[in-house]
Amino acid sequence: MNAFFVSVEVRENPELVGLPVVVGGSGPRGVIAAASYEARVFGVRSAMPSSTARRLCPNLLFVDGHYSLYQQVSNRIMSIFMSFTPMVEPLSLDEAFLDVSSAARIHGEPEEIAHKIRSTIYKTESLLSTVGVASSKSVAKLASEAAKPRIVAGQITSGTGIKVVRKPDEQAFLNALPVRALWGVGPKTNTKLERLGLKTVGDIAKLPVEVLCGALGEANGHHLHRLAHGNDDRHVEPERSAKSISHEETFETDVTDPAVLHAEIVRMSDAVASRLRSAKLRARTINVKARYGSFETLIRSKTISAPTSNGVQIAEVAAELFDQVDVASGIRLVGVGVKGLSDQSFDQLSLLDGEDGEVQHNRDDVDEVIDEVRRRFGGTAIGPAAAIKESRTASGFTNRRPVIPE
Amino acid sequence: MKFRCERDVLVETLGTAGRAVSTRSGLPGLSGVQVELVGDQFTVTGSDLDLTITTTIEVSGESDGKAVIPARLAADIVKALSPGAVELSTEDDTLRISAGRSDFSIRLITSDEFPKITDIDAKPVELDAEQLAHALKQVVLAASSDDSRPILTGVLLAAEGDSLRLVATDSYRLAMKDIDGIELLSEGEQVLVPSRALGELHRILANGKSITLRLGEKEASFTVEGVTLTTRLIEGDFPNYRGLVPDHHPNTLTVNRTALLDALRRVKLMAPQEGTPVRIEMNEHGMELVAVTADVGTAREVVESSYVGEDLVVAFNPRFLLEGLEVAPGDDVTLLTTDELKPALIKSVGFDNYLYLLMPVRVS
């Protein structure tokens with residue numbers, strides 16, 4: 001999808017059409033989640049600190065993200081993909097690989113399918129998308145990049161929307177791309193390659209693999225060598241079930257107050273538990289993540305004896321783990337996550353039911369009520385008291401009153 | 001302190017005592033082991049306050065002394081030396097380790113930070129090491145590893161007639177073993193020993209034939225061939241395990257233990273996710289094991305067996321079932337059940353001194 005979050009926002013608010021718009025936090029620690037092409041003209045990019053973005057484009061319009069809306073739109077787009085082939089591997093909310101090799105008989109050649117998908121998305125969602133067609137995942141991704149709108153000499157140039165790279169044309173297509181276009185070439189590798197005088201993928205392709213390995217190490221060298229020749233034998237893997245669930249929060253300024261951190265841990269534990277329950281799962285391993293102002297990151301985890309989807313229980317373990325973290329030097333980010341997920345329809349019974357069985361039943365009952373209240377009055381209608389902050393608008397709960405139905 | 005010793009002997013001694021050393025303790029003294037030489041007797045002690053392991057070996061001593069040395073570092077150095085004799089000596093605040101052309105000097109840890117280890121004042125009781133090792137293997141696995149339920153991390157030692165009874169439960173299963181002919185405690189007396197200590201004890205039991213046990217008020221110690229393991233006892237009341245074991249059970253399945261284990265290991269392949277149960281379907285024809293994982297597949301296997309009782313389907317965590325069957329004695333076992341929600345009892349045919357109680361998984 002092209003500038004997905006922003007495109008959805010613009011669709012919902014037509015007055016934003018043609019303006020430099022970003023989705024992201026406008027506070028001192030805010031980060032740009034997505035930027036419209038009009039904003040990109042000024043050099044604004046996603047993942048850029050908002051302060052930098054505002055310097056580049058003083059008239060930049062900040063829009064709050066509506067992630068549940070993006071999720072809904074994403075779900076509908078993914079089901080459009082699924083109507084063409086079950087072989088869909090989502091990469092993110094707005095990106096997926098499709099293996100259409102066996103869909104030809106029903107839907108036509110890959111190029112035809114690309115057109116159909118693109119026009120279906122436009123018809124149903126009024127959103128623009130880009131499709132890359134090739135024989136492997138990495139080339140298909142590069143092809144879709146090549147078909148996207150881009151900024152050339154300060155002007156938005158609309159892309160072709162679809163780019164087909166056939167096997168015989170593959171090497172020529174790759175050769176012309178800059179090295180950083182390849183998967184796995186980040187800023188560090190890019191610098192190393194530049195030092196070797198390698199600017200294009202073609203430069204890499206011409207190089208003996210030994211030289212590449214010498215510069216980048218065995219694994220990375222071979223990997224880039226293969227990609228530069230369009231050799232990528234990774235299959236499209238349809239979505240597997242989630243292996244972990246986590247929430248994290250970056251603070252506007254580093255936090256040293258244990259009470260604030262505790263409130264955040266409780267709030268996130270509750271959110272994680274809620275997601276577990278809606279996926280009908282339970283988890284046995286709970287972990288907390290803490291990132292200091294220096295970006296040093298700690299992860300502590302604990303496996304409990306019986307799987308849970310209860311926010312209070314997850315918060316208890318998370319708080320216990322977090323007690324081991326020294327917060328004096330200031331915490332930039334905290335996170336709570338769970339793994340070791342199991343199906344909640346299986347309930348390992350306890351021999352000592354009288355003692356912890358009752359507690360468990362009570363917790364289940366409370367969770368059921370919480371879920372029901374949230375279903376009827378919204379996600380912020382009920383929550384743990386410990387997670388309420390003095391300023392309720394800062395994050396977490398809003399000061400919106402629940403709407404009582406007649 | 002100064003002495004010479006074979007490298008391999010020293011490696012083992014430092015390693016054994018080092019197993020009690022806490023890796024996460026905040027106390028610097030506890031990251032070390034205490035070493036002491038008296039004549040030709042060299043003693044190493046490691047402790048995390050809950051568990052203490054002391055091991056003594058014969059060396060060729062030159063001068064007596066006592067110090068606390070960094071446990072991991074010293075063990076790693078000795079392990080890496082070339083085979084043969086190693087010389088250890090201390091001078092002021094330094095430990096010197098030399099062998100062949102290698103020469104290491106490492107700083108000692110202040111010895112006043114090391115906990116004082118006192119002997120237990122109790123009558124020693126001799127036990128057969130092999131018998132105890134076997135019993136530990138059968139029982140310790142059922143203890144909980146969840147520190148938030150300290151009582152369940154212990155193994156109960158209790159007098160039962162003229163036997164010593166061992167019981168452990170993590171609340172999902174319970175293992176119980178009676179070792180006949182041991183009068184360790186008086187009737188009605190019981191102690192709760194941390195399962196971690198018993199796990200360590202199991203490792204060192206292989207070294208000897210006989211073990212000396214001392215039970216104190218708050219501690220217990222076990223001595224095998226120059227190694228003494230001392231553990232704090234857990235305070236609190238162990239669940240009333242007698243009330244948990246059902247005294248009657250309408251359904252009885254009898255099956256060859258190895259055949260059931262083999263089938264279970266195969267069928268379990270279709271329940272790879274922790275928490276996915278394996279079902280045992282029982283009727284007049286015997287039993288069938290079934291495992292189903294949605295979107296993955298199904299496994300079924302009929303296991304030759306005889307069944308007396310109502311038609312019944314019970315689901316279990318396959319790991320719990322496997323662990324119990326693996327340590328049960330004998331060729332044939334019985335699975336005694338009441339219904340699909342009540343505890344099931346595994347007993348070995350011809351052995352009355354071991355039982356494994358297991359709660360089913362409720363499938364909704």
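This note goes through chain B, its open sheet and a selection of salt bridges, and then turns to chain A.

1. The model is predicted, so local features are given only at pLDDT of at least 70 and side-chain atom pairs only at pLDDT 80 or more, while totals for chains, interfaces and linings use all residues. Residues are numbered from 1 along each chain as its sequence is written, chains are lettered from A and ligands numbered from 1 in the order in which they are written, and side-chain values use heavy atoms, with hydrogens and water left out.

2. Chain B holds seven helices and 27 strands, helices being DSSP runs of H or I with at least four residues and strands runs of E with at least two, numbered from the N terminus. Of the 364 residues in chain B, 53% are buried; here buried means under 20% relative accessible area, exposed over 50%, and partly exposed in between, with a 1.4 Å probe and protein chains only. Where contacts (heavy atoms within 4.5 Å) join residues of chain B at least 6 apart in sequence, 64% of them link residues at least 24 apart. The accessible surface of this chain is about 17,400 Å², with 46% of it belonging to carbon and sulfur atoms; such areas come from the Shrake-Rupley method with a 1.4 Å probe, and for residues only the protein chains shown count as cover.

3. An open sheet of five strands in chain B follows the order β5-β1-β7-β8-β9 with antiparallel pairing, two strands being paired if DSSP finds at least two bridges between them. Because β5 (60-63) and β9 of chain B each have a single partner strand, they stand at the edges, and one side of each is left without a neighbour in the sheet. Neighbouring strands of this sheet are turned by 15° against each other on average, direction ignored. Within the sheet, β8(B) and β9(B) pair in the antiparallel sense over six bridges, and B:Ser98 stands opposite B:Asp103 in β9(B).

4. Two helices lie across these strands. Helix α1(B) crosses β1 (2-6) and β7 of chain B and runs at about 100° to β1(B), whereas α2 (residues 71-80) of chain B lies across β8 and β9 and runs at about 175° to β9(B). Axes are lines fitted to C-alpha atoms, for helices over the stretch in contact, and angles run from 0 to 180 degrees between N-to-C directions.

5. Over all chains there are 44 salt bridges, each a side-chain nitrogen of Lys or Arg within 4 Å of a carboxyl oxygen of Asp or Glu. One of them joins B:Glu200 to B:Arg19, with the closest N and O atoms 2.6 Å apart; B:Glu200 is in helix α4 (residues 195-205) and B:Arg19 in the loop between α1 (7-18) and β2 (32-38), 181 residues apart. B:Glu200 counts as buried at 10% relative accessibility, while B:Arg19 is partly exposed at 36%.

6. B:Asp93 and B:Arg107 form another salt bridge, with closest N and O atoms 3.5 Å apart. B:Asp93 lies in the loop between β7 (85-91) and β8 (94-99) and B:Arg107 in strand β9 (residues 102-107), so the pair ties together parts 14 residues apart in sequence.

7. In chain A, strands β4 (residues 88-92) and β5 (residues 95-98) run antiparallel and are joined by four bridges, and a hairpin connects them through two residues. A:Glu89 stands opposite A:Phe97 in β5(A).
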